[in-house]
Amino acid sequence: MDASYLYLNSHNELFRINLMDVVYFEAAGNYTEINLVNGAKSLVCMNLAKMHRLVQMALKDKARLFPRIGKSYLVNISYVYHINVSQQKLQLTDQKTCMYEVSLSKEALKGLKEYIMQ
């Protein structure tokens, strides 16, 4: 898949992010935490709704790769490994180097399962 980059300008910083390396985005108030496959994390001054719009514009026809999950997450479905609705856990991995576990509501996880199975 071709690389799709986001350039994010923050007060004194500029981030260039390959969206295919993003495992998930997490809301942190008016900020968004970016979690990458290599374990790196960045915090940018942008709410999750605005980040979602930027991701959709950057990916265009591939925007389906980053659904909004609940109020706090944008998840790269390429990294979804295990959804456990009863334990309210989502595991995200590249099956080589990284493993993230996120707690979500049962409704959010059911919605993600349906989204992936479409």
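How many bridges join strand β9 to β10, and in which direction do the two strands run? In this predicted model, strand β9 (residues 89-93) is joined to β10 by 5 bridges, and the strands run antiparallel. Together β9 and β10 form a hairpin with 5 residues between them. Glutamine 95, located in the turn, has a positive phi of about 65 degrees.

Strand β10 spans residues 99-103 and has two faces. Tyr100 and Val102 make up the covered face, whereas Met99, Glu101 and Ser103 lie on the uncovered one. Across the strand pair, lysine 89 stands opposite serine 103 in β10.

The salt-bridge count for the model comes to 1. This salt bridge is formed by the side chains of lysine 89 and glutamate 101, at 4.0 Å from N to O. The pair links distant parts of the chain, with lysine 89 in strand β9 and glutamate 101 in strand β10, 12 residues apart. Lysine 89 has a relative accessible area of 27% and is therefore partly exposed. Glutamate 101, on the uncovered face of β10, is likewise classed as partly exposed because its relative accessible area is 48%.

A nonpolar patch was also identified on the surface. Tyr5, Tyr7 and Leu14 make this patch, which covers about 340 Å². One of these residues, tyrosine 7, lies in strand β1 (residues 5-10). The relative accessible area of tyrosine 7 is 53%, so this residue is exposed, the cut-off for that class being over 50%.

Notes: Residues numbered from 1 in each chain as written. Predicted model: local features only at pLDDT ≥ 70, side-chain atom pairs only at ≥ 80, totals over all residues. Heavy atoms only, no water. Buried < 20%, exposed > 50% of the residue type's maximum accessible area, 1.4 Å probe, protein only. Helix = DSSP H or I, 4+ residues; strand = E, 2+ residues; numbered from the N terminus. Pairing = 2+ DSSP bridges. Patch = residues over 30% accessible without salt bridge, like charges linked within 9 Å, V, L, I, M, F, W, Y side chains within 5 Å. Areas by Shrake-Rupley, 256 points an atom, 1.4 Å probe, with all protein chains shown as cover.
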